[in-house]
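Visitor: I would like to take a close look at a single part of this model, and then see how other parts are put together. Could you guide me through it slowly?

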Amino acid sequence: MQDYTKAVKEFVEEHYTGVTVVLVTGVGLFALRRWLAGGVCHSKARLDGKTVLITGANTGIGKETAVDMAKRGARVILACRDMGRANRAADEITKRSGNGNVVVKMLDLASLQSVRALAKDVHQTEGRLDILINNAGIMMCPPWKTEDGFEMQFGVNHLGHFLLTNLLLDLLKKSTPSRVVTVSSLAHETGKIHFDDINLEKNYETLVSYKQSKLANVLFSRELAARLKGTGVTTYALHPGVIRTELGRHFFPSMPLWKKILAIPFFFFLKTPWQGAQTTIYCAVDESLQNASGLYYSDCELKEAAPRGRDDAAARRLWDLSASMVGLA
């Protein structure tokens, strides 16, 4: 042991500069990774007797959010498209949380019929709805169409949640104080609502579509807050961070090999799903937000949305267009 210690000491003395650089770099990278992980929700709020519905809760930040809600005592509804994966997720959530009150319901946000069916089911089977978390999403997919003919990213990320939220408003109002939390993205900052070509049929680009849908999330939450003022239902939009989830499954495989290689170091700095879920959880339960509504959050802090995300005229125009598209009076 003494020989080993002596050898290490001699090595360090001979390579002092190199060892110092390695240690400082390592500590710096660790600190950077911790900083990029963002804030943590410290609220101890209990949700006993309350009901939470989360879309897309069978994987990623949706599942981690569900685990947290279940640990707080809530009845948690996982609204998912793949029932097999959803049931397996429900079993995992029950085991991790110790809460057996976790149920699965079918929801395909690419089908307005499915959205309406879920809303009808919830009204018939649930006596209350305290927190609705619009979490599910699709990112940078090919130029697909929803069942109703809408561009897929706008249809799933915005229109499906727009309709679901509106159909569940009566139950949310009945359960006040209640919250609607919508997962958006930093991508909204460079997004634009293409009112003259909302389905991007003239020139479809995956990233342009994604940015439009995320801006729509922010505008929807803002206009919803205005329409629900004084009802006891509050709304929140958020950026969860850049996270290691399945959301990038449509664009990463199509990247050239050289880009994949260059991207490998970047993955070290991505948030875990647990870290990415923290701002969603914060918006859903933190007591300090009970009187706030229509605002935008990131890393468990209030942030200012991009100018286009604060355009009230655009928010009203988008609401009217969306209502027309999904058949709401």
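Visitor: Which residues of helix 11 are buried?

Guide: Please keep in mind that this is a predicted model. The buried residues of helix 11 are Gln278, Thr279, Thr280, Ile281, Tyr282, Cys283, Ala284 and Val285. Since helix 11 covers residues 278-285, that is 8 of its 8 residues, and so the helix is largely enclosed by the rest of the structure. For the chain as a whole, buried residues make up 50% of the 329 residues, and the chain has 12 helices and 8 strands.

A strand offers another buried position, for alanine 237 lies in strand 6, which runs over residues 233-239. Its relative accessible area is 1%, and because buried means under 20%, alanine 237 counts as buried. If we set aside the neighbours within four places in sequence, alanine 237 is in contact with Thr182, Val218, Ser221, Leu295, Tyr296 and Tyr297. The C-alpha atom of alanine 237 is also separated by 8.8 Å from that of phenylalanine 220, a residue 17 places away along the chain.

Phe220 leads us to helix 8 (residues 206-227), whose axis comes within 7 Å of the axis of helix 6, the two crossing at roughly 20°. An angle under 35 degrees counts as roughly parallel, and therefore helix 6 is described as roughly parallel to helix 8. The crossing of helix 6 past helix 8 is right-handed. On the side of helix 6, the residues that meet helix 8 include Phe154, His158, Phe162 and Thr165, while those of helix 8 include Tyr210, Ser213, Asn217 and Phe220. Sorted by class, this contact has 6 nonpolar, 11 polar and 1 charged residues.

Helix 6 (residues 152-167) also packs with helix 5 (residues 112-125), at an angle of about 25° and with the axes 9 Å apart. That angle makes helix 5 roughly parallel to helix 6, and helix 5 passes helix 6 in a right-handed crossing. Here Leu112, Val115, Arg116, Leu118, Ala119 and His123 of helix 5 meet Gly160, Leu163, Leu164 and Leu167 of helix 6. The residues of this contact divide into 7 nonpolar, 2 polar and 1 charged.

Finally, we can step back to the whole chain: among contacts between residues at least 6 apart in sequence, 78% join residues that are at least 24 apart.

Note on methods:
Residues numbered from 1 in each chain as written. Predicted model: local features only at pLDDT ≥ 70, side-chain atom pairs only at ≥ 80, totals over all residues. Heavy atoms only, no water. Axes fitted to C-alpha atoms, helices over the stretch in contact; angles between N-to-C directions. Helix = DSSP H or I, 4+ residues; strand = E, 2+ residues; numbered from the N terminus. Parallel < 35°, antiparallel > 145°, perpendicular 65-115°, else oblique. Left-handed = near helix turned anticlockwise from the far one by under 90°. Contact = heavy atoms within 4.5 Å. Nonpolar A, V, L, I, M, F, W, Y, C, P; charged D, E, K, R; others polar. Buried < 20%, exposed > 50% of the residue type's maximum accessible area, 1.4 Å probe, protein only.
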